[in-house]
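Reader: Could you walk me through one part of this fold up close? I'd like to get a feel for the sheet and what sits around it.

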Amino acid sequence: MPGTSHRPVAERWLRVRRTGNLLNGSTALGLLACRAGRARRRPGPRGLILAEGYRLRFPRPGAFTVGNVVLTASDFESLQRGNGELLDHEDAHAWQWFYCGGLPFLPLYAVASAWSWLRRGDVASGNWFERGAGLARGSYLEAPVSNAGFRLLLRRAQTLIEKPSRLAERSF
Ligand SMILES: [Zn+2]
């Protein structure tokens, strides 16, 4: 078959990933989220499990991936009509779960989201997991580095410092 000589290797690595994410518990967590959100599940490409009609409110981006399970409140056919590369983006997240050894992905992702918010004012565009998976492929816009979050925190801190002194002035 022309053009498919890379397939055996790719499929072997996909098997490694599927087994890894089974053993590290992340796919189990994804299936748990699927059940909690009463999503319908079906086999997807590259050893992924597609779960559609997820009903919980959190988390609710267009789609999100836990282990080898890709979940959405919508369905993948309509999502892919809007963004043909969405599953490539989610597939990269499945690799990230694998590289992180499963559940450590969660705190690392939280730190990356916080860093992104501090630097760019949103939780995705400076998040190295989202950047690694491809911002455009995940339908994210890239915000410039503005230290928006840092500046907001600084303003809050200043208000906190100034308020007690204003109250103190008033009482004299
Ligand atoms: Zn993503």
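Which residue in β2 is the bridge partner of R42?

Author: That's L50. Keep in mind that this is a predicted model. The R42 pairing belongs to a stretch where β1 (residues 40-43) and β2 (residues 49-52) run antiparallel, joined over four bridges. Right beside R42 in the chain, R41 stands opposite A51 in β2. As for side chains, those in a regular strand alternate between the two faces of the sheet.

Now follow the chain around the turn. The β1-β2 hairpin has five residues between its strands, and R46 takes a positive phi there, near 55°.

Step back a bit and the hairpin turns out to be part of an open sheet of four strands, in the order β1-β2-β4-β3. Although β1 and β2 are antiparallel to each other, the pairing in the sheet as a whole is mixed. The edges are taken by β1 and β3 (64-66); each has a single partner strand, so one side of each is left without a neighbour in the sheet. From one strand to the next, the twist averages 25°.

And what sits around the sheet? Helix α2 (residues 26-36) is one thing to look at: this helix lies across β1, β2, β3 and β4 (69-72). Compare its direction with β4 and you'll find α2 running at about 25° to that strand. So much for your close look: β1 with β2 as its antiparallel partner, and α2 lying across the strands.

Notes:
Residues numbered from 1 in each chain as written. Predicted model: local features only at pLDDT ≥ 70, side-chain atom pairs only at ≥ 80, totals over all residues. Pairing = 2+ DSSP bridges. Helix = DSSP H or I, 4+ residues; strand = E, 2+ residues; numbered from the N terminus. Axes fitted to C-alpha atoms, helices over the stretch in contact; angles between N-to-C directions. Contact = placed C-beta atoms within 7 Å.
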